[in-house]
Amino acid sequence: METSPKGRTRPEIHKRLHKIKVVAFDCDGVMFDSADANTAYYNTVLQYFGRPGMNAEQSAYTQMHTADVSMAFLFGDDGDLEKAQAFRKKMTYMPFIELMRMEPHLKSVLGKLRSKYNTAVASNRTDTMNRVLEIHGLEGDFDLVVSAMDVARPKPHPDELLKVADHFGVGPDEVVYLGDSLVDEQAAKAAGTPLIAYRSPDLDADFHIRSFRELENVLLGK
């Protein structure tokens, strides 16, 4: 486990994490491997309009951003965008949720974390977030769920993490965020929130972990 990010010493890192009271999680790429689900979802829209499926760059982009932003990226400013958005909003995401694969040990580690911390979700998902938790049996494991629908500006802006801090009456530096993308890094930096990078070694984060067992070790000293 890497614990020496750019510009910070190990004692500084542990000092930042010592004051943590809330652990917030991104959804896609952290709690779930949702690449197959998101790819199938957006490809369904693209193919309806006679377009090829997403390439690697498009897939990576849609993993990080809201549905509206992703659609604009995929369709650009041409005449299909408005029609594609209307089609997408009529198309349910429910069949694709079952394609999402929960990361190993997530639920058991969440149960242990809640003995010491409040837990939250801060995700750029919109109206599907609560349904994802319900279908995968996680709806009782978080004290707060913040989606892109709950803030004026989604990630990479800090609004989601600031809303988490405000809800629990703590400072942003008392929330730690578990993320996997550049927008997560940018949001955490803008909010003044420590970041734990999940399987994303290129991010500038306070800790880098490869599994939820390692998260347990970082936050509970196990």
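Mentor: Buried means under 20% relative accessible area, and exposed means over 50%. The model before us is predicted, and helix α5, residues 80-90, is a suitable place to apply these terms.

Trainee: Which residues of helix α5 are buried?

Mentor: The buried residues there are L81, A84, Q85 and R88. Because they cover an arc of only 100° around the axis, they fall on the same side of α5.

Trainee: What does the face turned away from that buried side carry?

Mentor: That face of α5 carries the exposed residues E82, K83 and K90.

Trainee: Against which helices do the buried residues of α5 pack?

Mentor: They pack against α2 and against α4, the latter spanning 67-75.

Trainee: How should one read a nonpolar core?

Mentor: The general idea is that in soluble globular proteins, nonpolar side chains tend to be buried together. In this model, the largest nonpolar core has 46 residues. Those with the most contacts inside it are F25, M31, L178, I196, F212, L215 and L219. Helix α2, residues 35-48, gives the most to this core, with five residues. Apart from it lies another core of 21 residues, among them V151, V170, V175 and A197.

Trainee: With which residues is L219 in contact, leaving aside its neighbours within four places in sequence?

Mentor: L219 is in contact with V23, L113, K116, Y117, V176 and I196.

Trainee: How should one read the salt bridges?

Mentor: Side chains of opposite charge can pair when their charged atoms come close. Counting a side-chain nitrogen of Lys or Arg within 4 Å of a carboxyl oxygen of Asp or Glu, one finds 19 salt bridges here. One of them joins K19 and D173, at 2.7 Å from N to O. This pair links distant parts of the chain, 154 residues apart: K19 sits in the loop between α1 and β1, and D173 in the loop between α9 and β6.

Trainee: Are these two residues buried, exposed or partly exposed?

Mentor: K19 counts as partly exposed because its relative accessibility is 38%. D173 is likewise partly exposed, with a relative accessible area of 30%.

Trainee: Where do R199 and E103 lie, given that their side chains meet in a salt bridge?

Mentor: R199 is in the loop between β7 and β8, while E103 is in the loop between β3 and α7, 96 residues apart. Their N to O distance is 3.0 Å. R199, at 47% relative accessibility, counts as partly exposed, whereas E103 is buried at 9%. A further bridge, with 2.9 Å from N to O, joins R101 and D36; R101 belongs to strand β3 and D36 to helix α2, 65 residues apart.

Trainee: Which residues are linked in a network of salt bridges?

Mentor: D26, K155 and D184 are linked in such a network.

Trainee: How should one read aromatic pairs?

Mentor: Ring centres must lie within 6.5 Å, and planes over 60 degrees apart count as edge-to-face. The model has 12 aromatic pairs. Y41 and Y93 form an edge-to-face pair, 4.7 Å centre to centre with 65° between the planes. Y41 lies in helix α2 and Y93 in the loop between α5 and α6, so the pair ties together parts that are 52 residues apart in sequence. Both Y41 and Y93 are buried. The rings of Y48 and F49 are also edge-to-face, because their planes stand at 70° with centres 5.2 Å apart. Y48 is exposed, with a relative accessible area of 55%.

Trainee: Which residues do ring pairs link into a cluster?

Mentor: The cluster consists of F25, F142, Y198 and F212. F25 and F212 are also among the residues with the most contacts inside the largest nonpolar core.

Terms used: Residues numbered from 1 in each chain as written. Predicted model: local features only at pLDDT ≥ 70, side-chain atom pairs only at ≥ 80, totals over all residues. Heavy atoms only, no water. Core = buried A, V, L, I, M, F, W, Y, C linked by side-chain atoms within 4.5 Å. Buried < 20%, exposed > 50% of the residue type's maximum accessible area, 1.4 Å probe, protein only. Helix = DSSP H or I, 4+ residues; strand = E, 2+ residues; numbered from the N terminus. Contact = heavy atoms within 4.5 Å. Arc of directions from axis to C-beta. Phe/Tyr/Trp six-rings, centres within 6.5 Å; stacked < 30°, edge-to-face > 60°.
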